[in-house]
Amino acid sequence: MEASPIGRMFERKSWRLHSLILLLSLIVIALISLFGTGKFTSEDKISLFILLFIQLEIFISIAVRIFRDIKPGNDRKEITRAVLSRFALFLVTCFVIAFTLALFFLCFKTYIHGGDIGKAVSDFFINKFAAWVKETSGGLLFGAAIFIFLQWQDALKREQKLREENLIFQNETLKTQINPHFLFNNLNTLSSLISPKPEIAETFISKLSSIYRYIIENSVKDRVALEDELAFISSYFYLYRIRDGEKITLAIDIRNSASLYVLPVSLQVLVENAIKHNMATREEPLKILVYLEGDCVVVRNNIQRMASQVRSTGIGLKNLSERVNLISRKAMFAEDSGGYFTVKVPLIQ
């Protein structure tokens with residue numbers, strides 16, 4: 001899912017954002033000049049403009065880092081609680097930075113004019129500090145309130161979008177697994193095993209039931225342990241191996257999956273996608289490989305296009321990509337090159 005226009009602007013620090021900060025600084029200086037009670041020289045206005053511009057740049061950068069990792073929660077209370085806790089941290093951090101910058105500018109200006117820096121600092125604390133605290137706090141609260149409101153609204157929209165995507169994903173997943181074609185093929189295979197190979201038939205039934213149990217229990221969750229997802233796709237692939245023999249191979253090259261999490265049913269969607277869109281024979285088997293690369297789980301298969309290609313709407317991969325982005329805040333990567341189709345699914349922290 002694409003970020004909101006406001007989110008894209010803040011996250012990318014585009015020229016539009018810098019221009020907006022510059023314009024806002026000019027407007028504030030103009031208002032101070034028109035309605036301020038004190039007398040401001042041209043030098044005062046320029047100094048105040050530079051200080052204000054630098055502060056806004058720093059404050060927005062801090063706000064982005066503090067608030068960008070707020071993920072959709074189960075309800076609005078969780079989102080609001082996360083926003084308010086970060087709001088307090090944001091105010092304290094910005095206040096300290098504003099105070100440091102104010103002292104630096106005061107000392108620098110005094111030094112340029114050949115004045116006594118110690119006396120200037122002492123005068124600031126005695127005569128001007130209370131007014132500075134009042135003005136700075138007011139400005140921070142006003143600016144932060146606007147920013148927090150925008151972030152809160154954005155988080156609520158993401159939470160609602162996540163609910164919608166979850167429903168779509170669950171519906172598509174269940175339709176894929178419970179459609180008549182899927183059941184017919186597996187029941188037909190089971191029927192052919194019962195008499196000549198009863199032990200294999202029993203294992204087949206166990207794997208089939210575990211597949212549905214896993215889907216029902218985990219498709220509504222935001223994450224599952226990677227080792228559970230790998231066990232799930234192994235059971236899922238077992239059905240194909242019994243039915244198609246050596247036409248399709250699945251290799252899982254992941255030795256240590258402890259404490260790693262992934263979006264539930266995501267790897268199964270990719271395995272199913274590979275089987276659905278590629279030809280497989282004993283002479284030229286379809287080879288699917290699952291492995292870790294950095295902070296992603298990679299599902300890779302050789303491309304063996306069918307003579308009569310299955311029509312694809314791309315909805316499955318699109319829904320999976322959007323749901324991955326909503327949950328992990330990272331993009332799913334898919335590439336068709338060099339005779340291989342590769343998909344990288346980010347792990348969930």
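**Exercise 1.** In this predicted model, decide whether Ser259 counts as buried or exposed, then find where Ser259 sits and what is unusual about its phi.

*Solution.* Start with the surface. Ser259 has 67% relative accessibility, and the cut-off for exposed is over 50%, so Ser259 counts as exposed. Next, look along the chain: you'll find Ser259 in the loop that links β2 (248–253) to β3 (261–262). Now the backbone angle. Most residues other than glycine have a negative phi. Ser259 isn't a glycine, yet its phi is positive, near 65 degrees.

**Exercise 2.** Do the same for Val265: where is Val265 placed, what is its phi, and is Val265 buried or exposed?

*Solution.* Val265 belongs to the loop between β3 and α9 (266–276). Its phi is near 70 degrees, again a positive value in a non-glycine residue. For the last step, the relative accessible area of Val265 is 0%; buried means under 20%, so Val265 is buried.

**Exercise 3.** Find out which residues have the most contacts inside the largest nonpolar core, and which helix gives the most to that core.

*Solution.* First, the core itself: it has 45 residues, and Leu226, Ile288 and Val290 have the most contacts inside it. Then check the helices: α8 (residues 226–244) gives the most, with nine residues. Zoom in on Ile288 next. Leaving out residues up to four places away in sequence, Ile288 touches several others, including Ile248, Leu250, Val271, Ile275 and Val299. Finally, don't miss the other core lying apart from this one: it has 13 residues, among them Phe90, Ala102, Trp132 and Leu140.

Methods: Residues are numbered from 1 along each chain as its sequence is written. This is a predicted model: local features need pLDDT of at least 70, side-chain atom pairs count only at pLDDT 80 or more; totals for chains, interfaces and linings use all residues. Side-chain values use heavy atoms; hydrogens and water are left out. Helices (H or I, at least four residues) and strands (E, at least two) are DSSP runs, numbered from the N terminus. Buried means under 20% relative accessible area, exposed over 50%, partly exposed in between (1.4 Å probe, protein chains only). A nonpolar core is a set of buried Ala, Val, Leu, Ile, Met, Phe, Trp, Tyr and Cys residues joined through side-chain atoms within 4.5 Å. Contact means heavy atoms within 4.5 Å.
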